[in-house]
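These are my notebook entries from a first look at this structure. I wrote down each thing I looked up, in the order I came to it.

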Amino acid sequence: MYDATPYLHAYEKLSLGTTGIIMGLLLVALHALALAKPDACKKMLCSVSYNVNAAMGLLVFDFIWIFLLLLDVEKNPLRMNLFDFNGARGILLLLCPIVCGVLLYFNKKNELLFPRALGLLILLAALVPLTAAFLKDPVTRLLIPCWCYPVLTAAMFWVAKPYLFRDWMEAFCARPKLYTVVNAVGAAWGAAIVLCAVCFWF
């Protein structure tokens with residue numbers, strides 16, 4: 001019988017149950033922390049847009065991830081098939097550190113690099129649970145894409161228009177009830193993902 005497993009990308013080999021537990025626990029931890037320490041979290045959310053060091057570190061991490069996705073080495077589990085664009089892999093690998101270096105060199109506080117770097121990280125990271133949940137049973141797997149797609153939409157806005165992240169975070173933190181409700185829903189959503197992963201996804 002034909003075995004396609006060796007040709008699957010690393011994301012496609014992930015267990016839905018394990019991926020769900022990790023994602024759910026991360027959501028619970030992040031939103032619980034936001035509820036437990038609201039003042040510190042609000043201060044961080046309102047000021048992080050101008051944090052140059054955090055932006056530079058996050059951007060380097062993003063481009064290392066992209067570089068690994070492009071790197072065509074047999075032992076690289078993250079190597080991604082580019083299909084019709086495989087011929088351009090070498091050019092993309094060359095451009096990856098160049099683009100990263102240019103962005104770091106011209107980085108200024110008023111460029112709001114952090115929202116762009118964060119948005120790019122979300123775009124990269126969301127592909128992991130979405131791939132693990134793709135066309136899987138049972139239907140409760142939809143908890144993952146129903147959370148990922150709205151966040152991905154916001155992330156694309158942050159990459160293209162980083163000032164929106166700054167404005168949204170300031171408006172979000174200025175509304176205590178909204179802050180509490182959003183984080184409570186986020187924690188509950190994460191708990192639901194963990195519960196479904198333990199009960200149904202293995």
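I began with a pair of helices in this predicted model: the axes of α6 (residues 143-160) and α8 (residues 176-200) come within 10 Å and cross at roughly 150°. Since angles over 145 degrees count as roughly antiparallel, I noted that α6 and α8 are therefore roughly antiparallel to each other. I also recorded that their crossing is left-handed. On the α6 side the contact is made by Leu143, Cys146 and Trp147, and on the α8 side by Trp189, Ala192, Ile193 and Cys196. Sorting these residues of the α6 and α8 contact by class, I found seven nonpolar, no polar and no charged residues.

Next I stayed with α8 and looked up its length: α8 has 25 residues and reaches 36 Å from its first C-alpha to its last, which is close to the 36 Å expected at 1.5 Å a residue. Which residues of α8 are buried? My list holds Tyr179, Asn183, Gly186, Ala187, Gly190, Ile193, Val194, Cys196 and Ala197. I then asked what covers the buried residues of α8, and the answer includes α1 (16-36), α2 (38-47), α6 and α7 (163-173).

From there I turned to a single residue, threonine 19, whose place is in helix α1. Is threonine 19 buried or exposed? With a relative accessible area of 9%, threonine 19 is buried, because buried means under 20%. Leaving aside its neighbours within four places in sequence, I found threonine 19 in contact with Leu14, Pro129 and Ala132.

Two of those names led me on to another pair of helices, and I looked up how α1 packs against helix α5 (residues 113-133): the angle is about 145°, with the axes 9 Å apart. I noted that α1 passes α5 in a left-handed crossing. The contact is made by Leu16, Thr19 and Met23 of α1 together with Pro129, Ala132 and Ala133 of α5, and by class I entered five nonpolar, one polar and no charged residues for it.

Last, I stepped back to the whole chain, whose secondary structure comes to eight helices and zero strands. The C-alpha trace spans about 60 × 50 × 20 Å along its principal axes, and buried residues make up 36% of the 202 residues in the chain. My final entry concerns contacts with a separation of 6 or more, of which 78% are between residues 24 or more positions apart.

Note on methods:
Residues are numbered from 1 along each chain as its sequence is written. This is a predicted model: local features need pLDDT of at least 70, side-chain atom pairs count only at pLDDT 80 or more; totals for chains, interfaces and linings use all residues. Side-chain values use heavy atoms; hydrogens and water are left out. Axes are lines fitted to C-alpha atoms, for helices over the stretch in contact, and angles run from 0 to 180 degrees between N-to-C directions. Helices (H or I, at least four residues) and strands (E, at least two) are DSSP runs, numbered from the N terminus. Angles under 35 degrees count as roughly parallel, over 145 as roughly antiparallel, 65 to 115 as roughly perpendicular and the rest as oblique. A crossing is left-handed if the near helix is turned anticlockwise from the far one by less than a right angle, and right-handed if clockwise. Contact means heavy atoms within 4.5 Å. Ala, Val, Leu, Ile, Met, Phe, Trp, Tyr, Cys and Pro count as nonpolar, Asp, Glu, Lys and Arg as charged, and the others, Gly among them, as polar. The expected span of a helix is 1.5 Å times one less than its number of residues. Buried means under 20% relative accessible area, exposed over 50%, partly exposed in between (1.4 Å probe, protein chains only).
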